[in-house]
Protein chains: 2
Amino acid sequence: MVTFSDIERAAEVLRPVAHRTPLLSSRTFNALTGNEVYFKAENFQRIGAFKFRGAYNKIHSLTAEERSRGVIAHSSGNHAQGVALAARLHGVKAVVVMPQNSVAAKVEGTRGYGAEVVFCGDSTDDRERVTASLVAERGCTLVHPYNDPVLIAGQGTAGAEIRHDLRDLDYLFSPVGGGGLISGCAIAVKNLFPRVKVIGVETEGANDACLSFRAGAIVKIPKAVTIADGMRTLSVGELNFEIMKRYVDDVITIPDSAIFPMMRFFAERMKIVVEPTGAVAPAAVMTGAAGLKGKRIAAIISGGNVDPEILKQALSAAGS
Amino acid sequence: MVTFSDIERAAEVLRPVAHRTPLLSSRTFNALTGNEVYFKAENFQRIGAFKFRGAYNKIHSLTAEERSRGVIAHSSGNHAQGVALAARLHGVKAVVVMPQNSVAAKVEGTRGYGAEVVFCGDSTDDRERVTASLVAERGCTLVHPYNDPVLIAGQGTAGAEIRHDLRDLDYLFSPVGGGGLISGCAIAVKNLFPRVKVIGVETEGANDACLSFRAGAIVKIPKAVTIADGMRTLSVGELNFEIMKRYVDDVITIPDSAIFPMMRFFAERMKIVVEPTGAVAPAAVMTGAAGLKGKRIAAIISGGNVDPEILKQALSAAGS
C-alpha cells in the first residue's frame, strides 16, 4: 500500500523540478453550479499533464545500476512524455513503445524530450510483446503508467498540494484512467480531511472503473470508445483498485457530449487550454452529475495536451 | 501628469476586487529566444483583459453625485466590458455606445455585466455624436478608454505588480493602442528600475504610435488594418503621448503574420488563450524584432477575449 508519508517524500523529490500548479476558480462557473469550485490546473504541469510527477518519482527511486540500464514505457500519450522528460532530467536513457498509428505530434514530442521511440502494432498483445522483448534484451526497467506504488505516490503530490492550498474541502473530483492519479490523490486529501468525499469520474464509453467499483472486483471492458484518450485503459490496476476500494467514495460517469462544452468554457471564460480527459472531472460538476449545491469542491484538470484539430472542434461546441 | 504615487493608490483601490495576475514563463520560449521572459497574464484579469483596472479606478474616483448620474463609454471591445463590470461593482449605471456591426458575443458580454448598450453608426463621427448627445441628455460621465490620468494610473498597476514580482528587469514590452497601458506601466517600472528599457509594440497596419514617436508629435493614421482589434485606434491620446515621450524608449512594429503563430504557441505549449492584441508584445520578443539576447524581459499579454473563430484560425497557423 501507499502511505501519506510516501507522498510527502515524493513531494520533496519533486519540489526542485515540478511546477506547483495553481488552483483556479471562476465566478461564472460557481454561479452556474452553485458550488465553490477549485480547479487543480495540471495542464500547467511540466509536459502539460500530471504524468510528469509519477514518472519522475519512479525514476528517482531507481538504483544507480538500474538507471544505467535505462527505462522503458509503453504509451501513446502523456505518460510517454512524462517518462521521456523525467529520464532526461536524471541522465537516464528512455525507450518508449508507441503504436504505429500514434499522432505524429506526440511521437515528435516524446523524441523532443530525448527518448528513443520504438513502434509496435495496434493491439495490446503486440505492445506487450515488443516491450517484454526490449526488457529482456536490454535489461531496462519498465515504468508502468499506473500500477506502481512509487509512481502513485508521485501522482498523489497533486492531491497534497490541493490539501495545503485549501483550508477545507467537501469533495475531490478526479478523472480515472488506470487509477494512478485518483489513488494517489485520494490518500493525500483523506489524510488531512478525513470526511472529504473522493469521486472518480469516467466517460460512459470507458466506464470500467465504475463497473469495477459497483462489482467490488476489477472489471475489464472489451473496448473503450471515448474522445477522452487518457481514459482508454480497459481496466484499472490491481494496486490502484485496492486503494480506490479503501479511499474512493464513488465513481460516476458523464457522456462524451459534456466534454467539448466544458473545454469551450475553459477556453472562452477562463482562458486555459484543457485536453478532453482533463475536462472530465470538471464536466461532472458542471452538468450536476453528482447533484451537489453549496459545496467546496476541488476538480482536477489532468492535462492540456490536445491536438489543435480537436480543440478547434471543441471551440465549435454549442453552449458555454 | 501621472505619478507613481497615483499608481500606488490605484493598487490599493484595486486590491480587493482585481485579480493579481501571474507572471508566466516557458522554458521552450526562453530557449527559442535566448532570453529570460516573463509574461504578465492579463488574460486572467477580470473581464479577461487589463481594461478592468483603469475603468475601476476611474469610477471609484467619481463623487457620489457623479456616480448617481452614471457613466458612459464608447467601445466595441474590452473597455466596454471593463466599464460595465466596474460600474456594476460600484452600483453605478453604465451606458456603452457600440457600433451596429459589433460582434454579438461582445454585445452580450457587455449586457451580461449589466450595462445598457446603445448602438451607433460605424464612423468615428457618428460614435462621438451619439456619445455627446447622451452625455448632454443624461449628465453622465465619460470614461475615456485611454486619455485620462486616473484611468492610466489604474492600468499602471499591472506594471507595479511586475515590478514587485521581479528582482530585476532589462526590458518591458507592452502593446500600444491608445497608449493607456504602456503609459501607466512605464511610469511604474521606471520608478523601481530606472535603467529598464520600455518598448511599445504595434502591428504594421496600426503603426500610429511608432510614427508619432519618430516624429515627436502625435500622428493620426487614416485607417488601421490589423487583426489586433485592440490596436485599431488611429492615434494615441495626448496625455499618453506626453508620458510616452518621457518614459518609453522605443516603439517598434511586427507584421500581423507573427500573431497567429504566437497565439498557437501560447495554446499548444503554455495552455493559455490569448487574443490577437495580447500576442503582439510577446511576438516582438519571439520574432527577435528587438534583436535581444540574454536579457530579462517582461512582456504584457493584454487580454484573452478572442472570438472562437479567430482562435480556430490561429490554431491552424503554421509553426509553433
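# Two copies, one predicted model

Reader: Is B:Gly184 buried or exposed in chain B?
Author: This is a predicted model, and in it B:Gly184 has a place in helix α9 of chain B. The cut-off for a buried residue is a relative accessible area under 20%. The relative accessibility of B:Gly184 is 0%, and therefore this glycine counts as buried.

Reader: Which residues does B:Gly184 touch, if those up to four places away in sequence are not counted?
Author: Helix α9 of chain B holds this glycine, and with residues up to four places away in sequence set aside, the partners that remain are three residues of chain B, namely B:Ile7, B:Ile152 and B:Gly156.
A residue that lies 56 places away along the chain can also be located relative to this glycine, since the C-alpha atom of B:Asn240 is separated from that of B:Gly184 by 8.5 Å. The contacts asked for, however, are those with B:Ile7, B:Ile152 and B:Gly156.

Reader: What covers the buried residues of helix α11 of chain B?
Author: The buried residues of this helix, which spans residues 238-247, are B:Leu239, B:Asn240, B:Phe241, B:Ile243, B:Met244 and B:Tyr247. An α-helix has 3.6 residues a turn, so residues three or four places apart point the same way. The elements of chain B that cover the buried residues include α8, α9, β8, α10 and β9.

Reader: How many degrees of rotation superpose chain B on chain A?
Author: The superposition leaves an RMSD of 0.0 Å and needs 0.0 Å of shift along the axis of rotation. That is the relation of a two-fold axis, and in chain B the C-alpha nearest to this axis, at 2.2 Å, belongs to B:Ile272. The same surface serves both copies, as 100% of the contact residues of chain B recur in chain A. The rotation that superposes chain B on chain A is 180°.

Reader: How many salt bridges are there between chain B and chain A?
Author: The contact takes 21 residues from each of the two chains, chain B and chain A, and about 1700 Å² is buried between them, 58% of it on carbon and sulfur atoms. Across this interface there are 10 residue pairs in polar contact. For salt bridges between chain B and chain A, on the other hand, the count is zero.

Reader: Which helix supplies the largest share of the side of chain B that touches chain A?
Author: Two helices of chain B, α12 (259-269) and α14 (308-315), each supply at least two residues of the side that touches chain A. By class, this side of chain B has nine nonpolar, six polar and six charged residues. The largest share, which is four residues, comes from α14(B).

Reader: What is the relative accessible area of B:Arg264?
Author: B:Arg264 is part of helix α12 of chain B. A polar atom of its side chain lies 3.3 Å from the backbone oxygen of B:Leu315. Since buried means under 20%, B:Arg264 is buried, because its relative accessible area is 17%.

Reader: Phi of B:Ile47 is a positive value in a residue other than glycine, but what is it near?
Author: Most residues other than glycine have a negative phi. B:Ile47 is found in the loop between β2 and α3 of chain B, and it is buried, with a relative accessible area of 8%. In chain A, A:Ile47 likewise lies in the loop between β2 and α3 and is buried at 7% relative accessibility. Phi of B:Ile47 has a positive value near 60°.

Methods:
Residues numbered from 1 in each chain as written. Chains lettered and ligands numbered in written order. Predicted model: local features only at pLDDT ≥ 70, side-chain atom pairs only at ≥ 80, totals over all residues. Heavy atoms only, no water. Least-squares fit on C-alpha atoms with pLDDT ≥ 70 in both. Contact = heavy atoms within 4.5 Å. Buried area = accessible area lost by both parts, 1.4 Å probe. Salt bridge = Lys/Arg side-chain N within 4 Å of Asp/Glu carboxyl O. Polar contact = N/O pair within 3.5 Å; in protein donor to acceptor, adjacent residues only side chain to side chain. Nonpolar A, V, L, I, M, F, W, Y, C, P; charged D, E, K, R; others polar. Buried < 20%, exposed > 50% of the residue type's maximum accessible area, 1.4 Å probe, protein only.
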